[in-house]
Protein chains: 2
Amino acid sequence: MNKIRPGSRDAIIEAAFQTFNARPGASLGDVAAHAGVGRATLHRHFSSRSVLMVALARTAVDELNAAIEMAVAGATSHTEGLRRALAATIPLAERQWFLAHEPVLEDPAVAAAYQADRKELHNEIDAAKAEGTFDDAVPTRWIAESYENLIYAAWALVRDGELTATQAADLAWRTLTEGLAGAK
Amino acid sequence: MNKIRPGSRDAIIEAAFQTFNARPGASLGDVAAHAGVGRATLHRHFSSRSVLMVALARTAVDELNAAIEMAVAGATSHTEGLRRALAATIPLAERQWFLAHEPVLEDPAVAAAYQADRKELHNEIDAAKAEGTFDDAVPTRWIAESYENLIYAAWALVRDGELTATQAADLAWRTLTEGLAGAK
DNA sequence: TGTTCATGATACATATATGTCTCATTTGAG
DNA sequence: CTCAAATGAGACATATATGTATCATGAACA
């Protein structure tokens, strides 16, 4: 065996996330250049553009699942689990955004994993409802959609350096559960 | 003068919004076909792809401004104005999404109009803070980002037929101001 | 009815992205 | 040091999108 640059594949995936998030229509040449790799090498790792896209999607799903699993590990309630999962997702929001808005979801395996995650979120929200965290009268789907979109909001402020990840997570959770009303 | 199809331009813009929202990398041929128009005719109205993109952006900005202006007309407070603007924006969210995520914002005029709208939103939020609607301690930028992202959430549920526009607007406003906490 | 003009279809040249291939170079293993 | 393997550079054919130009058609208008 002789692998000269075992990190090439990871470097390409990393560069692809950054490049495609900045410009979804970017060429593979742009990605390769950003990864500091020849275009031919990119094709050696990912035979076609769509193969690369699916790899990105799988990476995003796997990273999210791993991050959430680790974050939720010691949670004492479904509510606390949701809160920790929200905080853990914020740094990964850019890749989740990529996953949600790229037509990669036509890939069966990716679509299945994505739907499974959404289903799991709905289950946790229902469990949190039972714990009294959310109003039973509010549709679970709305809570889930708010949850996800507030994560994007949080990520935007963290990205722009206006808030720390912790501050953003706290604000997002407060918004979701208590809202932003004034004291008066 | 002799204009056989005065609606061509509007039809193209409409088709472009739909086509690009479904697939941002779609070709002008796709757009023309979706508009029921020849590709040559599309180029007669919009000389290049970027010209079309800027036209879409301007359309989105103008539509949003018009809708908000009309909705806010009789508002008795900044808070009520924000609430009405939120409801009025939900049906236009798809186009706002297009505007926010397409690199069209490099166009100076579009970027200026976009920034002006954001600035105006911040001003209204500050005014609503003064009315006691929002906690002064919460960054205005966070409220604005939550406001916009909850609009996307509302639009998603309306699009999927799970809520009416009114229901979605009410839920988004409640989430923003009071949160989704249960009664217990 | 005849004229005008937007239209659709089509051809065309150009540019760019893609995927394959070759080859000299470099890197790491033995 | 020697050798095998991966790499970068580049050539190459192909596909697709783009923008322009041409032309016959048909609808509106006088």
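Analyst: Two parts are in contact when their heavy atoms lie within 4.5 Å, and helices (H or I, at least four residues) and strands (E, at least two) are DSSP runs numbered from the N terminus. This is a predicted model, where local features need pLDDT of at least 70, side-chain atom pairs count only at pLDDT 80 or more, and totals for chains, interfaces and linings use all residues. Residues are numbered from 1 along each chain as its sequence is written, chains are lettered from A and ligands numbered from 1 in the order in which they are written, and side-chain values use heavy atoms, leaving out hydrogens and water.

User: Thanks! Which helix of chain B packs against the buried residues of α6(A)?

Analyst: Helix α6 of chain A spans residues 93-101, and its buried residues (under 20% relative accessible area with a 1.4 Å probe, protein chains only; exposed is over 50%, partly exposed in between) include Trp97(A) and Phe98(A). From chain A, they pack against α1 (8-22), α4 (49-72), α5 (78-89), α7 (108-130) and α8 (140-159). On the other side, α6 of chain A is part of what covers the buried residues of α6(B). The chain B helix you asked for is α6 (93-101).

User: What area is buried between chain B and chain A?

Analyst: The contact involves 37 residues of chain B and 37 residues of chain A. In chain B, Arg141(B), Trp142(B) and Leu180(B) lose the most area to chain A, together 24% of what that side buries. Carbon and sulfur atoms give 64% of the buried area, meaning the accessible area (1.4 Å probe) that two parts lose on being put together, summed over both. That area is about 3,100 Å².

User: Which residues touch the most other members of the largest nonpolar core?

Analyst: A nonpolar core is a set of buried Ala, Val, Leu, Ile, Met, Phe, Trp, Tyr and Cys residues joined through side-chain atoms within 4.5 Å, and the largest one here has 60 residues. Trp142(B) reaches across to chain A, touching residues including Leu150(A), Leu157(A), Leu171(A) and Leu180(A). The residues touching the most other members are Phe134(A), Trp142(A), Phe134(B) and Trp142(B).

User: Why does Ala144(A) count as buried?

Analyst: Ala144(A) sits in helix α8 of chain A. Leaving aside neighbours within four places in sequence, its contacts are Leu121(A), His122(A) and Ile125(A). His122(A) is 22 residues away in sequence, with the two C-alpha atoms 6.5 Å apart. Ala144(A) counts as buried because its relative accessibility is 4%.

User: And how far is the backbone oxygen of Ala15(A) from a polar side-chain atom of Thr19(A)?

Analyst: Thr19(A) lies in helix α1 of chain A and is buried at 7% relative accessibility. This pair fits the polar-contact rule: N or O atoms within 3.5 Å, where within protein one must be able to donate a hydrogen and the other to accept it, and residues adjacent in sequence count only if both atoms are side-chain atoms. The distance is 2.7 Å.

User: Which element gives the largest share of the surface near DNA strand C?

Analyst: Near means that a residue has a heavy atom within 4 Å, and 22 residues surround this strand, Leu28(A), Arg49(A) and Arg44(B) being among the closest. Sugar and phosphate account for 60% of the strand's atoms that come within 4 Å of the protein; one phosphate oxygen is 2.2 Å from a polar side-chain atom of Arg49(A), and one is 2.8 Å from a polar backbone atom of Leu28(A). At least two residues each come from α3 (39-45) of chain A and α3 (39-45) of chain B. The largest share, five residues, comes from α3(B).
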